[in-house]
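Work through these exercises with the sequence and the model side by side. Try each task before you read its solution.

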Amino acid sequence: MEALLALAIGVLVAAAVYLMLARNLLRFIFGLVLISNAANLTIFTAGRLVEGAPPLVPVGLDAPAGTVANALPQALVLTAIVIGFGLFAFALTLMFRAYTTLGTLNGDEMRVAEPREPGEGSALR
């Protein structure tokens, strides 16, 4: 099972890097979401996947009885999901504001502080 998750993590990271290297801001944000999901799967896999009971302590005992799942990776992933959603919402808001202000999502055309001179960089296109 860990090998399958490692393969899935590799595919997610590869797709995220591909999207984040694009010049389009929307693709960059989608790549950011994918790499966040890959990090969540990495944390979850690092906590070892076991088939066990929920990590609950029965009444009257000091420790869980039998094999239980590790609660720490689950808590970390849940926290990372909430933070990732907040980051995604904030990035979408910034992207919308940039689009309404500049009229484009292309990173090369978003040069407000240092505008290009006519003919500059035409060899790269």
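What covers the buried residues of H3? Helix H2 (25–46) is included in that cover. This is a predicted model, so local features need pLDDT of at least 70, side-chain atom pairs count only at pLDDT 80 or more, and totals for chains, interfaces and linings use all residues. Residues are numbered from 1 along each chain as its sequence is written, and side-chain values use heavy atoms, with hydrogens and water left out.

**Exercise 1. Check the span of helix H3 against its number of residues.**

Step 1. Know the term. Helices are DSSP runs (H or I, at least four residues), numbered from the N terminus.

Step 2. Count. H3 covers residues 71–102, which is 32 residues.

Step 3. Predict. The expected span is 1.5 Å times one less than the number of residues. For H3 that gives 46 Å.

Step 4. Compare. The end C-alpha atoms of H3 are 46 Å apart, which agrees.

**Exercise 2. Repeat the check for H2.**

Step 1. H2 has 22 residues, so it should span 32 Å.

Step 2. Its end C-alpha atoms are 31 Å apart, and this agrees too.

**Exercise 3. Describe what lies at the ends of H2 and H3.**

Step 1. Look at the start of H2. Asn-24 caps this N-terminal end, with a side-chain oxygen 3.0 Å from the backbone nitrogen of Leu-26. A polar contact is a pair of N or O atoms within 3.5 Å; within protein, one must be able to donate a hydrogen and the other to accept it, and residues adjacent in sequence count only if both atoms are side-chain atoms.

Step 2. Look at the start of H3. Here a side-chain oxygen of Asn-70 comes within 3.3 Å of the backbone nitrogen of Leu-72.

Step 3. Go past the far ends. Arg-48 follows H2 and has a positive phi, near 65°. Gly-103 sits just after H3, and its phi is positive at about 80°.

**Exercise 4. Work out how H2 and H3 pack.**

Step 1. Choose the descriptors. Two packed helices are described by the angle between their axes and the distance between the axes.

Step 2. Read them off. The axes of H2 and H3 come within 9 Å and cross at roughly 175°. Axes are lines fitted to C-alpha atoms, for helices over the stretch in contact, and angles run from 0 to 180 degrees between N-to-C directions.

Step 3. Classify. H2 is therefore roughly antiparallel to H3 (the cut-off is over 145 degrees).

Step 4. Find the residues in contact (heavy atoms within 4.5 Å). From H2 they include Leu-25, Ile-29, Val-33, Ser-36 and Phe-44, and from H3 they include Pro-73, Val-77, Gly-84, Phe-88 and Met-95.

Step 5. Sort by class. The contact has 18 nonpolar, 4 polar and no charged residues. Ala, Val, Leu, Ile, Met, Phe, Trp, Tyr, Cys and Pro count as nonpolar, Asp, Glu, Lys and Arg as charged, and the others, Gly among them, as polar.

**Exercise 5. Decide for each residue: is it buried, partly exposed or exposed? Take Pro-73, Gly-84 and Val-11.**

Step 1. Set the limits. Buried means under 20% relative accessible area, exposed over 50%, partly exposed in between (1.4 Å probe, protein chains only).

Step 2. Apply them. Pro-73 has 8%, so it is buried. Gly-84 has 21%, so it counts as partly exposed. Val-11 has 52%, so it is exposed.

Step 3. Place them. Pro-73 lies in H3, and so does Gly-84. Val-11 belongs to helix H1.

Step 4. Add the company. Buried along with Pro-73 in H3 are Val-77, Ala-91, Met-95 and Ala-98. Leaving out residues up to four places away in sequence, Pro-73 touches Ile-43, Phe-44 and Gly-47.

**Exercise 6. Compile a profile of Thr-45 and one of Thr-104.**

Step 1. Thr-45 lies in H2. At 16%, it is buried. Its side chain reaches the backbone oxygen of Leu-41 at 2.7 Å.

Step 2. Not counting neighbours within four places in sequence, Thr-45 contacts Glu-2, Leu-5 and Ile-9. Helix H1 (2–20) and H3 are among what covers the buried residues of H2.

Step 3. Thr-104 lies in the segment after H3. At 12%, it is buried. A polar contact of 3.0 Å joins its side chain to that of Glu-109.

Step 4. With the same neighbours set aside, Thr-104 contacts Ala-98, Tyr-99, Glu-109 and Met-110.

How values were computed
Helices (H or I, at least four residues) and strands (E, at least two) are DSSP runs, numbered from the N terminus. Angles under 35 degrees count as roughly parallel, over 145 as roughly antiparallel, 65 to 115 as roughly perpendicular and the rest as oblique.
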